[in-house]
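Open the model in your viewer and keep the selection tool at hand. Each stop below gives a selection and then what is there.

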Amino acid sequence: MESPKMEAIGSSIPVPSVQELAKENMVNVPPRYIRPDQDPPLINAPLPSISIPIIDMNKLLQQESSAAELERLHSACKDWGFFQLVNHGVSSSLVEKMKSEIKDFFKLPLEEKKRFWQEPGDVEGFGQSFVVIRRAETRLG
């Protein structure tokens, strides 16, 4: 039996760094950043009370609470696209060191950061990318 081939379902389009764009004092948002499939933001609308989803790693690992916490994780990923993870076992000193290293990285000159730039078609690495998803055709019969 032949093994199935892994097919890439998307690729990235490298775009300029947002930090570099911000230095240009632009008046208009570049067209590539405009999402015509979404309603424009209401500038003068009151801000809703926002509570970022919190996922508890201990609850994910405990049999009696894992199903409910998995549902919360699913909802956070689907509705928010991110979440805060607590009780993960990573020391606060390591988290603070990582924050410091990230800040230091973004303070580097652009030429230095380019050493870690994304390769065309890849989604890993430094930079801003737009991921383009190709729809797979399904053939029946």
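Start with the charged side chains: this predicted model holds 5 salt bridges.

Select Glu96 and Lys99. Their closest N and O atoms are 3.3 Å apart, a salt bridge. Both residues sit in helix α4, and because they are 3 residues apart, about one helical turn separates them. Glu96 is partly exposed, with a relative accessible area of 45%. Lys99 has 43% relative accessibility and is partly exposed too.

Stay in helix α4 and select Lys97 and Glu101. Here the salt bridge is 2.9 Å, N to O. The two residues are 4 apart, again about one turn of the helix. Are they buried or exposed? Partly exposed: Lys97 has a relative accessibility of 48%, and Glu101 has 45%.

Now select Glu111 and Lys114. This salt bridge has its closest N and O atoms 3.6 Å apart. Glu111 reaches 58% relative accessibility, over the 50% cut-off, so Glu111 counts as exposed. Lys114, at 39%, is partly exposed.

**Aromatic rings**

Next, show the rings. How many aromatic pairs does a search of the whole structure find? It finds 3. Select Phe105 and Phe106. The ring centres are 5.4 Å apart and the planes meet at 85 degrees, so this pair is edge-to-face; the angle needed for that label is over 60 degrees. Phe106 is partly exposed, at 36% relative accessibility.

Keep Phe105 and add Phe116. These centres are 5.8 Å apart, with the planes at 70 degrees, so the geometry is edge-to-face here as well. The pair joins distant parts of the chain: Phe105 belongs to helix α4 (residues 92-107), while Phe116 lies in the loop between α5 (110-113) and β4 (128-133), 11 residues away. Phe116 has a relative accessible area of 42%, which makes this residue partly exposed. Display Phe105, Phe106 and Phe116 together: ring pairs link them into a cluster.

**Helix α3**

Move to residues 63-80, helix α3. Does the length between its ends come out long, short or as expected? At 1.5 Å a residue, its 18 residues should span 26 Å, and the end C-alpha atoms are 25 Å apart, so the two values agree. Colour Ser65, Ser66, Glu69, Leu73 and Ala76; these residues of α3 are buried. Then show β2 (54-56) and α2 (57-61), which are among the elements covering them. Step past the end of α3 to Gly81. Its phi is positive, near 90 degrees.

**A nonpolar patch**

Switch on the surface and select Ile50, Ile52, Trp80 and Phe82. Together they form a nonpolar surface patch with about 400 Å² of accessible area. Pick out Ile50, in the loop between α1 (18-22) and β2. Its relative accessibility is 59%, so Ile50 counts as exposed.

**The whole chain**

Zoom out and switch to a cartoon. There are 5 helices and 4 strands. Follow them from the N terminus, and the order is β-α-β-α-α-β-α-α-β. Colour by burial next: 11% of the 141 residues count as buried. Show the full surface. The accessible surface is about 12,600 Å², and carbon and sulfur atoms hold 57% of that. Finish with a contact map. Among contacts with a separation of 6 or more, 58% are between residues 24 or more positions apart.

Technical notes: Residues are numbered from 1 along each chain as its sequence is written. This is a predicted model: local features need pLDDT of at least 70, side-chain atom pairs count only at pLDDT 80 or more; totals for chains, interfaces and linings use all residues. Side-chain values use heavy atoms; hydrogens and water are left out. Rings of Phe, Tyr and Trp (its six-membered ring) pair if their centres lie within 6.5 Å; planes under 30 degrees apart count as stacked, over 60 as edge-to-face and the rest as tilted. Buried means under 20% relative accessible area, exposed over 50%, partly exposed in between (1.4 Å probe, protein chains only). The expected span of a helix is 1.5 Å times one less than its number of residues. Contact means heavy atoms within 4.5 Å. Patches are made of residues with over 30% relative accessible area and no salt bridge: like charges are joined within 9 Å, nonpolar side chains (Val, Leu, Ile, Met, Phe, Trp, Tyr) within 5 Å. Accessible areas come from the Shrake-Rupley method with a 1.4 Å probe; for residues, only the protein chains shown count as cover. A salt bridge is a side-chain nitrogen of Lys or Arg within 4 Å of a carboxyl oxygen of Asp or Glu.
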